[in-house]
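Please look over the sequence and the structure below. The text that follows walks through some charged side chains and the pairs they form.

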Amino acid sequence: MEVLQYSLRRLASGIPLLLGVTFISFLLMVYFGPDQTYQLLGKNPTAEQIAEIRAQLGYDQPFLVRYADYLREVATLDFGNSNSTGELVTDLLGRTIPVSLMLILPGFVLGNLLALLLALLAAHYRSRWPDKGIMAFSVTGMSISYLIVIIAFQVIFSSSSGLGWFPVRGWNVHSFAEYLEYVTVPTLATVFVALGYNTRFYRSVIVEELNRDHVRTARAFGVPPAKLLYRNVLKNCLIPIITRVVFTIPLIVISGALLVETYFGIPGVGKVTFDAITTGDQPVLKAVVGLTAVLFVLAQLLTDILYRAVDPRVSLS
Amino acid sequence: MSGEPILSVRDLVVEFRTEHGTVRAVDRVSFDVFPNETVGLVGESGCGKTVTGLAILGLIPNPPGRIASGSIRLAGRELVGLPEGELRKLRGREMAMIFQEPMTALNPVFTIGSQMIDILRRYKGLSRGQARAAAIELLAKVGIPAPAQRIDEYPHQLSGGMRQRVVIAMALSCDPKLIVADEPTTALDVTTQAQVLEQIVRLQQEFRMAMILVTHDLGVVAETCQRALVMYCGRVAEKADIAPLFAHPRHPYTAGLLQSLPRVGQQAHQDLPVIPGMVPDLLDLPAGCRFAERCARRDARCDRELPELDGEADSPSRVACFHPL
Amino acid sequence: MTETTTRRQSLWSKAAWKLRRDRFGMLGLAVVAAYFLAAVGVWLGLWATGWGDVAGGKWEAPSAAHWFGTNLIGQDIFQRSIYSISTAFEIGLVVAVLSTLLGAVLGAVAGFFSGRATDELVVWLMGVLDSIPFYLLVAAIAFALEGNPWSMHVAMISTFWITTARLVRGEVIKLKGLEFVEAAHAIGVPEYTIIFRHILPNTFHILLVQSTITFVAAIKSEVILSFLGLGVKDGMSWGLMISESTFEVLAGFFNNFLAASVLMFGLVMAFSIFSDALQDALDPRQVS
Ligand SMILES: Nc1ncnc2c1ncn2[C@@H]1O[C@H](COP(=O)(O)OP(=O)(O)OP(=O)(O)O)[C@@H](O)[C@H]1O
Ligand SMILES: [Mg+2]
C-alpha cells in the first residue's frame with residue numbers, strides 16, 4: 001500500500017521530466033526537423049496539393065497545438081502510421097523493440113557481470129599487480145572506439161579474410177542456433193567496450209566502500225576477505241550499481257543498439273529511429289521519444305524502490 | 001601482575017609510506033599486558049595509539065603501512081609475520097577491538113543481529129537459532145534494553161552509545177583473551193561516556209579479560225587502569241603503575257598532562273595549564289628527544305640524543321628522559 | 001579570502017609536484033604534446049597539405065612515397081591520418097572548452113541558488129537532456145541545424161556540459177557554506193561577483209579534469225557520428241577514414257582502417273592516462 005502510494009506520487013513527480021523530454025525532442029526533431037512536404041508530393045505540385053499535404057502532416061497548425069496533439073498521442077499510445085512505410089507505428093515498434101532487446105541484452109548482462117567480477121578482483125588485490133593488470137586492460141578498452149571494435153571484430157570473426165565463423169551482417173533469425181550466429185559478434189563487441197567502462201566504475205565504487213570504517217570492523221572480527229567482498233561490501237555498493245544498470249536500460253532499449261544495428265544492418269528499433277530521424281518520419285520519432293521519456297520515469301521509480309530494498313536508511317517519502 | 005603476560009610487545013615499529021616520505025608512526029614500543037588487567041595507552045592525538053592497537057590485531061592497512069620490525073606475542077605465540085589467514089582466525093576470537101567511531105563502525109545495510117550472529121556462528125559453530133539467542137543475551141549484558149527487538153534493527157536506528165554497546169557485545173561474543181578498546185567513549189556525549197565506560201570495566205572483570213584502553217583522558221586511566229603507557233610522537237615516554245604515575249610522574253610530558261587535568265575542588269572554568277608548543281611533524285623529527293622543544297628541563301644533550309627507557313625491560317616503572325622529575 | 005587563496009595555491013603546487021612524479025601521466029602528456037605538435041604543423045601548412053590530392057593508384061601498398069599506402073581513389077593515407085590529428089584537436093578543444101564553460105556557469109549558478117527556482121530549472125534541464133538518448137539528440141540537432149558544419153559541436157556541447165555542471169554544482173553548494181563566502185556576503189559583495197570571482201575559481205580543479213575527460217569523449221564521439229553521417233562535413237577526420245574503410249576491410253584492405261584507428265587510439269589512450277594522473281594529483285581525498 002505504502003509502495004503503491006509512493007509509486008503514484010513518484011510517477012506524478014516524473015511529469016516535469018516527461019514534459020521536458022517530449023518538449024525538447026519535439027522542438028528539435030519535429031518542429032525543426034526535416035520538412036517532408038516535397039518528398040510526399042509528385043513533380044510540380046500545385047499550391048492546393050502543397051497545402052493539403054501540409055495540413056495532413058499537421059504543419060499548418062500552430063506550435064502549441066501540435067505539441068498538445070503530441071502529448072495526447074503519448075498518453076493514448078496512438079501515434080498513427082509511419083510516413084515512410086505506412087505501417088502502424090505501434091506495430092513497427094512492437095516488431096523492432098524485441099529484436100533490439102534480443103540483440104543487446106546478452107552483451108548488457110555479460111558486460112555488467114564480468115565487469116563486476118573483474119572489479120571485485122581488482123579491488124581485492126588493489127595496488128598490486130592483478131589490479132594494475134585489470135585497470136590497464138580497462139583503460140585500453142575505454143580508449144578504443146566502439147566503432148573500431150565492431151569493425152575489428154567483424155573482420156576477425158566474420159569476414160572471409162578472418163575466421164569467417166559468423167555471418168557478416170543481417171538478422172535472419174528463426175531458431176536459437178541462428179540467433180546465436182547473428183548475436184555473437186555484436187555481443188562480443190559490446191562486452192569488450194562495456195567492460196572497460198564498467199570495470200573502472202565498479203572498482204572505484206567497491207574501493208571507496210572498502211575504505212570505510214565498517215570494513216575495518218568486519219576485518220577486526222575475522223571476516224574472511226572473499227566473504228568480506230561478496231557479502232559485506234557488495235550489498236553496500238548496490239545503490240550506485242543499481243543506478244547505473246537501471247538508467248542504462250531506457251537508453252539501450254532505444255539507442256544503445258543504434259550503432260550496432262546500423263553497422264550490421266539489423267532491423268531493430270535503433271535503426272528504425274535513426275532512419276526516422278534522417279527522413280523526418282514524425283510519427284515514429286514522436287513514439288520513440290515519448291517512449292524513452294516514459295521509460296526514464298519508470299526507471300526512476302524502479303531505482304527508488306530498489307534503493308529501499310537494499311539500503312534500510314532509504315525511506316520512501 | 002604475575003605469571004606469563006597475555007600480550008607481549010617488543011620494539012614494535014610501524015611505518016607508513018606517504019607521498020612525502022616514510023612516517024614512523026610507532027617507534028620501538030614495548031610493553032606487556034597480563035591476564036585480567038587493564039593497561040592504559042595515553043597520549044595526544046596522532047601519537048600512534050590507534051596504530052599500536054591496529055598493529056596488535058594485524059590490521060595495519062598495507063599499503064601504505066607495515067610492521068617494520070619488532071615482535072608481538074599473544075599468549076606466547078608470535079603474531080608478526082604470521083600469515084594473514086592464521087591471523088584472521090585469531091581476530092574476534094582471541095583478541096578483539098572496539099573502535100573509536102561508533103557511528104560508522106557497523107555496516108549500515110545489515111541488522112545488528114546479523115552482524116553479531118555472523119561472528120558467533122563462525123567461531124562458536126552455533127546454529128542460527130542458538131547464535132541469535134546468544135546475541136540477544138550479549139546485548140542484554142551490555143545494557144541494551146529490549147534486546148530481542150533491538151536485534152533486528154539497523155545501526156542507523158540506534159544512538160551512538162547503543163552502537164558502541166553493540167560493538168562491545170560483538171567484541172565479547174567469543175570470550176577473547178585480549179580486548180583493545182580504542183577511545184571507546186570519545187565520540188559519545190558525557191553522560192553516555194560514563195555509562196559505557198563503567199560497562200566496559202564491569203564486563204572486563206566479569207569476562208576476566210586483559211584490556212588495552214586507549215584514551216587521551218588521564219582521568220579515565222586513573223579510574224580504570226592498573227598500569228599505563230604514556231606515548232609521545234610514536235614512542236613510549238613513560239610507563240608505570242597507576243598510583244606512582246599519578247603521584248610522582250617522572251617524565252616532564254606526563255607531568256604536563258597531569259597538570260592539565262581538572263582536579264577536585266578546582267574551579268570548573270579556571271584555565272588549566274596546557275603544555276606549550278606543538279607536537280613535531282612525524283616527517284621532520286628532531287634528532288634528539290622529541291619532547292625537547294616543549295620541555296622546561298631541556299639541555300644540549302636532549303637536542304643531541306634520543307633518550308631510551310631506563311631500567312630493566314620488566315621493571316614496573318620506566319621513563320625515557322635524561323632529566324626525569 | 002587570503003586563507004582560501006593560499007589553500008588553493010598549496011593545492012596546485014602539491015598537485016603539480018604529484019603529477020610530475022607520475023611517470024605514466026607524464027608519458028601520456030608527452031604523447032599528447034607530440035600529437036599537438038603534429039596538429040600545429042598541419043595548421044601552419046607545414047605538412048599533410050596534400051591530404052586531398054589524388055596522388056597514386058587504388059589501394060597501393062605502403063611505399064616510400066606513400067608511407068601508409070593509398071585509399072580507394074588513390075589519396076595518401078598517411079597525410080590524411082596526420083591531417084585528421086588537427087581535426088581531432090579542433091573538435092576536442094572547441095567542445096571541451098565550451099562545454100566546460102557552460103557547465104561551470106550553469107553549475108555554479110545552480111549551486112549558488114540551490115533550492116531556488118533557478119537551480120530547479122537547471123537541474124530539470126540536466127535531467128531532461130540526460131533522458132534523451134545521445135545519438136538521437138545529436139541527430140536531431142544535426143538535422144535541426146540543417147547541415148551546419150558546427151551542428152556536431154553544438155550537439156556534443158549540449159550534452160557534455162551536464163556532468164561538469166553536476167560536479168560544479170555539488171562543489172559550489174559545499175563552498176558557499178564556507179566562511180569566506182559568508183564574509184563576502186556580509187560586506188555586501190554582489191552575488192554574481194561572489195559566484196564568479198570568489199567561488200568558481202575554487203572549482204578550477206574540477207573544471208580542468210572535466211575538460212580533459214570531455215576532450216577525449218569528443219574525439220571518440222566524432223568517429224561514431226561521422227560514421228552515421230552526422231559528423232565532420234568538410235575536411236578529413238579519423239571518423240571519416242574509418243567509415244570509408246568499413247567496406248574496404250571486408251575486401252581485405254586494412255591500411256585506411258589501421259592508420260586511423262591506431263593514431264586515434266594513441267591520442268585517446270595518452271590523453272586518458274594524463275587525465276587520470278591529473279585527477280589523482282588534484283583529488284584531495286585520494287581513494288586508491
Ligand atoms: N593510513 C595511514 N597512512 C599514513 N599515515 C598514517 C595512517 N594511519 C596513521 N598514520 C600516521 O600515524 C600517526 C598516528 O596515528 P594514530 O591514528 O595512531 O593516532 P592516535 O594516537 O590514535 O590519535 P587520535 O587520538 O587522534 O586517535 C598519525 O600521525 C599519522 O601520521
Ligand atoms: Mg586514534
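B:R294 is a buried residue, because its relative accessibility is 9% and buried means under 20%. This statement, like those that follow, concerns a predicted model. B:R294 has a partner: B:E44 forms a salt bridge with this arginine, and the closest N and O atoms are 3.2 Å apart. The two residues come from distant parts of the chain, 250 residues apart. B:E44 sits in the loop between strand 3 (38-42) and helix 1 (49-57) of chain B, while B:R294 sits in the loop between helix 11 (252-259) and helix 12 (300-304) of chain B. B:E44 counts as partly exposed, because its relative accessible area is 25% and this class lies between 20% and 50%.

Why do such pairs form? Side chains of opposite charge can pair when their charged atoms come close.

Other pairs cross from one chain to another. A:R200 forms a salt bridge with C:D276, with 2.6 Å between the closest N and O atoms. A:R200 belongs to helix 8 (residues 176-210) of chain A and C:D276 to helix 11 (residues 255-282) of chain C, so this pair joins two chains. At 25% relative accessibility, A:R200 is partly exposed.

A further salt bridge links B:E84 and A:R219, whose closest N and O atoms are 3.8 Å apart. This pair also crosses between chains: B:E84 is in helix 2 (residues 84-90) of chain B, and A:R219 is in helix 9 (residues 213-220) of chain A. B:E84 is partly exposed, with a relative accessible area of 36%. A:R219 is partly exposed as well, with a relative accessible area of 26%.

Salt bridges can also be joined into a network, as in chain B. The linked residues there are B:E15, B:R24, B:D27, B:R28, B:R66, B:R235, B:R290 and B:E308. Over all chains, a search of the whole structure finds 41 salt bridges.

How far can the model be read? The model scores ipTM 0.86 and pTM 0.86. Chain C has an average pLDDT of 85, and 95% of its residues score at least 70. Among the elements of chain C, the highest mean pLDDT, 93, belongs to helix 3 (residues 77-112). The lowest, 72, belongs to helix 1 (residues 2-21). Where pLDDT is low, the predicted coordinates should not be read in detail.

Note on methods
Residues are numbered from 1 along each chain as its sequence is written. Chains are lettered from A and ligands numbered from 1 in the order in which they are written. This is a predicted model: local features need pLDDT of at least 70, side-chain atom pairs count only at pLDDT 80 or more; totals for chains, interfaces and linings use all residues. Side-chain values use heavy atoms; hydrogens and water are left out. pLDDT is the predictor's confidence in each residue, from 0 to 100. Helices (H or I, at least four residues) and strands (E, at least two) are DSSP runs, numbered from the N terminus. A salt bridge is a side-chain nitrogen of Lys or Arg within 4 Å of a carboxyl oxygen of Asp or Glu. Buried means under 20% relative accessible area, exposed over 50%, partly exposed in between (1.4 Å probe, protein chains only).
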